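Visitor: I should be grateful for a close look at one helix of this model. Please then set that helix beside other parts of the chain.

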Amino acid sequence: MELGLVGLGKMGGNMRERIRRAGHTVIGYDRNPDVADVGSLEEMVSQLKGPRVVWVMVPAGAPTQATIDELAGLLQPGDVVVDGGNSRWSDDEKHAVELGLKRIGFVDCGVSGGIWGLEQGYALMYGGDEDSVAKVQPIFDALKPEGEFGAVHAGKVGAGHFAKMVHNGIEYAMMQAFAEGWELLEAVHSVTDVREVFRSWQSGTVIRSWLLDLAVKALDDDEHLETLKGYAQDSGEGRWTVEAAIDNAVPLPAITASLFARFASRQEDSPQMKMIAALRNQFGGHQVEKA
């Protein structure tokens, strides 16, 4: 099938390549002409056959809203817009209503996979009505990891981004646990090779995971993380997860504490945040601050 893809950064560019490898046609637009296939959204839409599917991979908030507003004026009834960025779930309902007035479908899709998704596939959580999801299904199938799992129609519009938000909240807490354990091991004199302790956990333990593998990779690159500053940014989903917990009276002590730990990292050079920063760089290519 054909797909219009808006936003060809670290995630979008690799997604375009993976979809093409699956035999589909992708016409990509980005404000950077060096990576774009066309010079404008209008040109992209004009090259797609109806019913069109356009996947948006731009930053949440105003950039996503502006892109959807422009697409609403270019697309036709029966076309579908997919928001695959990290938008807040509450924005999805608004976008669905706006596009629905023009009989354009809308699907929200949480995407996980970072810079590794090109080869390993992207975990997908999507929300929307059955007809709109069906039009996008070949693209979901191309992007997902091989095998039975890795993609889910999570429910109504907003469900995809809500599920991805909770996923990222859990990710915060897991990274914080690894970071605290690493700092404690580094603090005692009796443990002489912390990196190899972490490596030993990769087999036969209940905490073996991809995050643990990435922690070992980070320690192989810089054994004591001496080149990193103990500063970790938060991308928004952690805050939204805690806010949703408050709204629904659901206790999330571990996730909330991990978010607050990141805030603390901006007040001092935290050893734990060196590991958080290293892990974020390993799985998502997020920028780190050098010590």
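Guide: The account below begins with helix α6 and then turns to helix pairs, selected buried residues and unusual backbone geometry.

The model is a predicted one. Helix α6 comprises the 14 residues 130-143. At 1.5 Å a residue, a helix of that number of residues should span 20 Å, and the end C-alpha atoms of α6 are 19 Å apart, so the two values agree. At the N-terminal end, α6 is capped by D129, a side-chain oxygen of which lies 3.1 Å from the backbone nitrogen of D131. Within the helix there is a kink of about 55 degrees at V136, and the proline P138 follows shortly after that position.

The buried residues of α6 are S132, V133, V136, I139, F140, A142 and L143. V136, the site of the kink, is thus listed among the buried positions. V133, another residue of α6, has a relative accessible area of 4%; the cut-off for a buried residue is under 20%, and V133 therefore counts as buried. Along the chain V133 is 48 residues from G181, and the C-alpha atoms of these two residues are separated by 42 Å.

Two helix pairs may be described next. In one, helix α3 (residues 62-72) packs with helix α4 (residues 89-100) at an angle of about 15 degrees, their axes being 10 Å apart. Angles under 35 degrees count as roughly parallel, so α3 is roughly parallel to α4. The crossing in which α3 passes α4 is right-handed. In the other pair, helix α7 (residues 159-187) and helix α11 (residues 253-265) pack at about 70 degrees, and their axes are 8 Å apart. Since the range from 65 to 115 degrees counts as roughly perpendicular, α7 and α11 are therefore assigned to that class. Their crossing is left-handed.

Two further buried residues merit attention. G4 belongs to strand β1 (residues 2-6), and its relative accessible area of 0% means that G4 is buried. G4 is 103 residues from V107 in sequence, while the C-alpha atoms of the two lie 14 Å apart in space. D79 occupies the loop between α3 and β4 (80-83). With a relative accessible area of 2%, D79 is likewise buried. The side chain of D79 reaches the backbone nitrogen of R52 at a distance of 2.7 Å.

The backbone geometry remains to be considered. Most residues other than glycine have a negative phi, and most peptide bonds are trans. The peptide bond from G50 to P51, however, is cis, with omega near -10 degrees. P51 is placed in the loop between α2 (41-46) and β3 (53-56). R103, although not a glycine, has a positive phi of about 60 degrees. R103 is located in the loop between α4 and β5 (105-112), and its relative accessibility of 63% places it in the exposed class. A249, also not a glycine, has a positive phi of about 55 degrees. This residue lies in the loop between α10 (237-247) and α11. A249 is exposed, its relative accessible area being 68%.

Key. Residues are numbered from 1 along each chain as its sequence is written. This is a predicted model: local features need pLDDT of at least 70, side-chain atom pairs count only at pLDDT 80 or more; totals for chains, interfaces and linings use all residues. Side-chain values use heavy atoms; hydrogens and water are left out. Helices (H or I, at least four residues) and strands (E, at least two) are DSSP runs, numbered from the N terminus. The expected span of a helix is 1.5 Å times one less than its number of residues. The bend at a residue is the angle between axes fitted to the seven residues ending there and the seven starting there. Buried means under 20% relative accessible area, exposed over 50%, partly exposed in between (1.4 Å probe, protein chains only). A polar contact is a pair of N or O atoms within 3.5 Å; within protein, one must be able to donate a hydrogen and the other to accept it, and residues adjacent in sequence count only if both atoms are side-chain atoms. Axes are lines fitted to C-alpha atoms, for helices over the stretch in contact, and angles run from 0 to 180 degrees between N-to-C directions. Angles under 35 degrees count as roughly parallel, over 145 as roughly antiparallel, 65 to 115 as roughly perpendicular and the rest as oblique. A crossing is left-handed if the near helix is turned anticlockwise from the far one by less than a right angle, and right-handed if clockwise.
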